[in-house]
Amino acid sequence: MREPITSSFRDAMDTGLAARFTMSTGGNFVLTVLVLYGHTGGHSDTRNARATDTLLIAIQQEIAALQPGPIALVADLNADSADLLALREFEHQGWVDLGARDFPGTPADTPTCFPANGPPTRRDYVWVNPTLLGFVDHF
């Protein structure tokens, strides 16, 4: 794991809910993967959704400080994407929610969570920036 560049991401890492990993395949290809575990109950508690938004903003600041390249955000948001305002900035910058797309054998918006007392939901996400999207052919 690499040291954070921004103080806001260092604070996010200190919560134990965020991390950043960098992988190199040799040459100039370096993949950055950011990981987030959102605050529990963000789908039903706006305070927890806002706390997750704060972590997403810290991730956005960290991304802005990184060298350009392929980047993924892998997240258990504990919320629906519509509950989180900060995700709109990812969309604005051209990031793509892979789970919202149809892939062979995996229809869009396939549930990822199967609670014992409720309907299946989708709370787990993989977002990729435009640079990485060109390398994705299956999900």
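Modeller: Let's start with a cut-off: buried means under 20% relative accessible area, and exposed means over 50%, with partly exposed in between. Keep in mind that we're looking at a predicted model. Take Asp-53: its relative accessibility is 5%, so Asp-53 counts as buried.

Colleague: Okay, and what does Asp-53 pair with, if anything carries the opposite charge there?

Modeller: The general idea is that side chains of opposite charge can pair when their charged atoms come close. Here Asp-53 forms a salt bridge with Arg-50, and the closest N and O atoms are 2.9 Å apart. Both residues sit in helix H2, three residues apart, which is about one turn of the helix.

Colleague: Is Arg-50 buried, exposed or partly exposed?

Modeller: Arg-50 has a relative accessible area of 34%, so the label is partly exposed. Asp-53, by contrast, is on the buried side of the cut-off.

Colleague: How many salt bridges does the structure hold?

Modeller: Four. One of them joins the side chains of Arg-20 and Glu-62, at 3.1 Å from N to O. Arg-20 belongs to strand S1 and Glu-62 to helix H2, so this pair ties together parts that are 42 residues apart in sequence. Both partners are buried.

Colleague: And which residue does Arg-47 pair with?

Modeller: Asp-45, with the closest N and O atoms 3.7 Å apart. Arg-47 counts as exposed because its relative accessibility is 62%. Asp-45 has a relative accessible area of 24%, so that one is partly exposed.

Colleague: Let's move to the sheet. What is the strand order?

Modeller: To read a sheet, follow the strands in space and then look at the pairing. This one is open, with five strands in the order S1-S2-S3-S5-S4 and mixed pairing. Strands S1 (18–24) and S4 (96–97) stand at the edges with a single partner strand each, so one side of each has no neighbour in the sheet.

Colleague: In which sense do S4 and S5 pair?

Modeller: Antiparallel, over two bridges, with S5 spanning residues 124–128. For a concrete pair to click on, Val-96 has Val-128 in S5 as its bridge partner.

Colleague: Which strands do the helices lie across?

Modeller: For each helix, check the strands underneath and then the angle. Helix H1 (residues 7–14) lies across S1 and strand S2 (30–37), and runs at about 110° to S1. Helix H2 (residues 46–65) lies across S1, S2 and strand S3 (71–76), at about 165° to S2.

Colleague: Which residues form the nonpolar patch on the surface?

Modeller: Phe-21, Val-35 and Val-74, with about 190 Å² of accessible area together. Val-35 lies in strand S2. Its relative accessibility is 30%, so Val-35 counts as partly exposed.

Colleague: Last one, a loop residue. Where is Pro-70 found?

Modeller: In the loop between H2 and S3. Pro-70 is at 8% relative accessibility and therefore counts as buried. To see what surrounds a residue, skip the sequence neighbours: leaving out residues up to four places away, Pro-70 touches Phe-29, Val-30, Leu-31, Thr-32, Asn-129, Thr-131 and Leu-132.

Colleague: And how far is Pro-70 from Pro-4 in space, C-alpha to C-alpha?

Modeller: The two are 17 Å apart by that reading, while 66 residues separate them in sequence.

Conventions
Residues numbered from 1 in each chain as written. Predicted model: local features only at pLDDT ≥ 70, side-chain atom pairs only at ≥ 80, totals over all residues. Heavy atoms only, no water. Pairing = 2+ DSSP bridges. Helix = DSSP H or I, 4+ residues; strand = E, 2+ residues; numbered from the N terminus. Contact = heavy atoms within 4.5 Å. Axes fitted to C-alpha atoms, helices over the stretch in contact; angles between N-to-C directions. Patch = residues over 30% accessible without salt bridge, like charges linked within 9 Å, V, L, I, M, F, W, Y side chains within 5 Å. Areas by Shrake-Rupley, 256 points an atom, 1.4 Å probe, with all protein chains shown as cover. Buried < 20%, exposed > 50% of the residue type's maximum accessible area, 1.4 Å probe, protein only.
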